[in-house]
Amino acid sequence: MILLSIETSCDETALSIVETKGNFPDATYTVLGNVLFSQASLHEEYGGVFPNLAKREHAKRIVPLLKTLLSDADAHLPFKEDIDENHIHELFSHEDGLADDFLSFVKEQKEGARSIDAIAVTHGPGLEPALWVGVNTARALAYTSGLPLIPTHHMEGHIFSSLFEKDTLAPVSFPALALLISGGHTEFVLMREWGSYEVIGMTRDDAVGEAFDKVARMLELPYPGGPQISKHAEILRSKNVASRFALPRPMMHEDSFDMSFSGLKTAVLYALKKEAEITPEVVAHMSRAFEDAVGDVFVAKTKKAIEHFGIRTLILGGGVSANTHIRNTIREMVTRDYPKVHAYLPAPSLTTDNSVMIALAGHAHRDEAVDPDTLRAHGSLPLPHKAKS
Ligand code: KG4
Ligand code: ZN
């Protein structure tokens, strides 16, 4: 089966073509093509992602990226002869110019050696205007080709990303626990079986990536702030120098698996107010203090969840799982305290938003294709959860 996958939930326009052999979860996967355009530098000057700007960029990039992808993978879509152009214009009524781009691509498409069999697309969660570009492109492709259209969940994608090793999914023993940490989410997800995700704890306010980005702004560092904080914290960490700032560990000792990062952010703000200016020394010490606090909270809560649920597999996923300190502290804690638990951390190249993970999630749901006319983007789509039978 050859899958075309599309991801536009935030500021990355990402598409890939993945060939699968066998059935989920024991299939093998070959990435035949993978293209990604990051809008990060565009959003940098605003210090964050603006949904409508993201949408416009996705709409501008998606068809050119699709053409490059098909040519890289030597593939094509089996378009039907008679296409109702008005229907395409209706589909893209909110994405100015995309209908014309799309129709000229359909007319000019070159035949490749392979034909796509199905289309998978992120329909949530994420920034709704951004999501719609991917969703509508996928709907238009499904409509013009008659191929199955498989909606996928972005956070389930991150879980698959973390399990992806070369060309297979790593084996998972249940119950498994996923700690998903990104710009929009911070949650503990309990998996008792494949396809069932129970959110047992989450942030009560900011997502951790959002907190990283906001603290970076206070330190006058560019967007996205996570990698910046990490880089500056490393200056002290590599020399084994402790931070001179003391920050709180919100909710660390509470019984629930919920977390909170907005108080931590405020603590950073107050501590910085006492500084005459933001010097490189302040940046390094605050970056380390912030990372230490976040790392401690994740380690303490993860330990609690492992013990409470008898967890056998731990999965770390989402953009913030690129953070070296968080990766190291989680990995060390599991190796030291729970040697029987298998911990999976995503390959650094697959921590950020990508479309390979959407192909993997799409393949897992290959039997759940939907009617292109009814598919919608959902900014706050919940993870699917099967109630205990
Ligand atoms: O998963 P992702 O790419 O997009 C969302 O779905 O949100 O996550 C993006 C977030 C941003 O907040 C970014 O600052 C953070 O991940 N991030 C990091 C690092 N790399 C990316 N945070 C901390 N340390 C990093 N090395
Ligand atoms: Zn993400």
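Donors to a metal are N, O and S atoms within 2.8 Å of it, and water is not among the atoms, so a site may look incomplete. The exercises below concern a predicted model.

**Exercise 1. The zinc site**

Identify the residues that coordinate the zinc ion (ligand 2), and state which parts of the chain the pair H158 and D353 ties together.

*Solution.*
1. Apply the cut-off of 2.8 Å to the N, O and S atoms around the metal. The donors are NE2 of H154, NE2 of H158 and OD of D353, at 2.1 to 2.2 Å.
2. Write the donor residues in sequence order: their spacing is H-x3-H-x194-D.
3. Place the pair in the fold. H158 belongs to helix α6 (residues 154-163), whereas D353 sits in the loop between β14 (342-344) and α12 (356-364); the pair therefore ties together parts that are 195 residues apart in sequence.
4. Consider accessibility: both H158 and D353 are buried.

**Exercise 2. Helix α5**

Compare the expected span of helix α5 (residues 128-145) with the distance between its end C-alpha atoms, and decide why the helix may be called largely enclosed.

*Solution.*
1. The expected span is 1.5 Å times one less than the number of residues. For the 18 residues of α5 this gives 26 Å.
2. The end C-alpha atoms of α5 are 25 Å apart, which agrees with the expected span.
3. A residue counts as buried under 20% relative accessible area. Of the 18 residues of α5, 14 are buried, so the helix is largely enclosed by the rest of the structure.
4. Inspect what follows the helix: G146 comes after α5 and has a positive phi, near 75 degrees.

**Exercise 3. The nonpolar cores**

Determine which element gives the largest share of the largest nonpolar core, and list the contacts of F290 beyond four places in sequence.

*Solution.*
1. The largest core has 47 residues, of which M286, F290, V294 and F298 touch the most other members.
2. Elements giving two or more residues to this core include β10 (176-181), α7 (208-218), α9 (262-273) and α10 (280-309). The largest share, twelve residues, comes from α10.
3. With neighbours within four places set aside, F290 is in contact with A211, F212, V215, I229, L247, L264 and V268.
4. Another core, of 41 residues, lies apart from this one; L32, A73, L91 and L98 are among its members.

**Exercise 4. The cavity**

State how many cavities of 30 Å³ or more the structure holds, and which element gives the most to the lining of the largest cavity.

*Solution.*
1. There is one such cavity, and the volume of the largest cavity is about 30 Å³.
2. The residues lining the largest cavity are G47, D213, A216, R217, L221, P222, Y223 and G225.
3. Helix α7 gives the most to this lining, with three residues.

Conventions
Residues numbered from 1 in each chain as written. Chains lettered and ligands numbered in written order. Predicted model: local features only at pLDDT ≥ 70, side-chain atom pairs only at ≥ 80, totals over all residues. Heavy atoms only, no water. Core = buried A, V, L, I, M, F, W, Y, C linked by side-chain atoms within 4.5 Å. Buried < 20%, exposed > 50% of the residue type's maximum accessible area, 1.4 Å probe, protein only. Contact = heavy atoms within 4.5 Å. Donors = N, O, S within 2.8 Å, 3.2 Å for Na, K, Ca; no water. 1 Å grid on protein atoms, 1.4 Å probe; cavity = no way out; pocket = protein on both sides within 12 Å on 5 of 7 lines; lining within 4 Å. Points joined across faces, edges and corners; volume = space filled by probe spheres on them.
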